[in-house]
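Got your viewer open? Let's take a short walk through this one, selecting a piece at a time.

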Amino acid sequence: MEMKKKLRVGILGATGMVGQRFISLLEDHPWYQVVTVAASPRSAGKTYEEAVGNRWKMSTPMPEAVKDLVVMNVNEVEKVASGVDFVFSAVDMSKEEIKAIEEAYAKTETPVVSNNSAHRWTPDVPMVVPEINPEHFQVIPFQRERLGTKKGFIAVKPNCSIQSYAPVLTAWKEFEPYEVVATTYQAISGAGKTFKDWPEMVENIIPYIGGEEEKSEQEPLRLWGEIKDSGIVKAQEPVITCQCIRVPVLNGHTAAVFVKFRKKPTKEALIERLAAFKGLPQELNLPSAPKQFIQYLEEDNRPQVTLDVDYEKGMGISVGRLREDTVYDYKFVGLSHNTVRGAAGGALLCAELLTAQGYIEAK
């Protein structure tokens, strides 16, 4: 798909960690150009460089193109929306405030692709991993009817914690996984922090991340759900139980997972399904799509965060240590980049697919 003219993008919550990740991922994007950055009133009126100050958390430098953009007040919805074709949302507000502001943007006929959790269970808001459930975008016409919009809508991506195992279980669907135990070992950037901001995480593990276990258990079921009437109804299986632990890692969520299957696969068949697994992003060759979505690593000591987190520029998933288990059928370890595939990159891939399918276009 060739873009004649780049679409104009706004980033809501542009100064936070996920907002920064959006900005770094969108540098030199073939389809999109960041023209507007919006944040809280206290940042408004400053240049982006001034507003972020010494809080730039990416390992690559701040792109020159955004440094001098004047930060707009995210609450001035009409004003922000007037200069963009669509927005990415990474605002830091309460759930109710996020729901309200994202709907307000949608009602200005501006599509909203959100990294936030607020709308993940709104029945007519698609929550999509583009390789897993792109057909859920088909609820958008129902949502537009409810909002009274022609072009505006909200689409979201799921929680970062599930990206290292939900795609794997999807690749194994034909073997009917029905019971899953997962423990996730989650990076501190998932809390929007670096070691500099969070010294108590150095050499430490915290066995609690608020709200994360419920998301990790329930959100995959929504990905595997189906459209009924005008909304998405979640799947009933596999049943997932989860523990989420914060570990002293900057980027990369690791999951240790146990699975029971109704149809007993061989290890070879499971690995073959992972290697073969692809979706619409790969078929359409979308700009941010990994060529190989899931890689299987044979070595006993892989995947490792330091070696594998940036696989496919952080958009791919690494799996290893697949073996038969004495209590469950199989166990494995998965790894995904939590702020790339798990957050901004996952939302960017959703936007690319929405653009390719005609849901997002120039105003």
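**Stop 1: two neighbouring strands**

Select Tyr-296 and you'll see it standing opposite Val-319, which sits in strand S13. Helices (H or I, at least four residues) and strands (E, at least two) are DSSP runs, numbered from the N terminus. Before you click on: this is a predicted model, where local features need pLDDT of at least 70 and side-chain atom pairs count only at pLDDT 80 or more, while totals for chains, interfaces and linings use all residues. Residues are numbered from 1 along each chain as its sequence is written, and side-chain values use heavy atoms, with hydrogens and water left out.

Now select Leu-297, which stands opposite Gly-320 in S13. Widen the selection to S12 (residues 294–297) and S13 (residues 317–324): they pair in the parallel sense over 4 bridges (two strands pair if DSSP finds at least two bridges between them).

Is S12 covered on its faces or open? Both faces are covered. Ile-294 and Tyr-296 on one side, and Gln-295 and Leu-297 on the other, are all buried (under 20% relative accessible area, with a 1.4 Å probe and protein chains only).

**Stop 2: the whole sheet**

Select S10, S7, S11, S14, S13 and S12, in that order: they make an open sheet of 6 strands with mixed pairing. S10 (239–246) and S12 are the edge strands, each pairing on one side only.

Next, add helix H8 (residues 212–223), which packs on the sheet and touches S7 (177–186) and S10 (contact means heavy atoms within 4.5 Å). The direction of H8 makes about 145° with that of S10 (axes are lines fitted to C-alpha atoms, for helices over the stretch in contact, and angles run from 0 to 180 degrees between N-to-C directions). Then add helix H9 (residues 267–276), which touches S11 (253–261), S12, S13 and S14 (330–336).

**Stop 3: the pockets**

Select Val-18, Ala-90, Val-91, Asp-92 and Asn-116: of the 46 residues lining the largest pocket, these lie nearest its centre. A pocket here is an open set of points on a 1 Å grid over the protein atoms alone, where a 1.4 Å probe fits, with protein on both sides within 12 Å along at least five of seven lines; lining residues have an atom within 4 Å of a point.

Which helix gives the most to this lining? H1 does, with 3 residues.

Last stop: select Arg-21, Ser-24, Leu-25, Lys-313 and Val-340, the closest to the centre of the second largest pocket among its 30 lining residues. H1 gives the most here too, with 4 residues.

How values were computed. Buried < 20%, exposed > 50% of the residue type's maximum accessible area, 1.4 Å probe, protein only.
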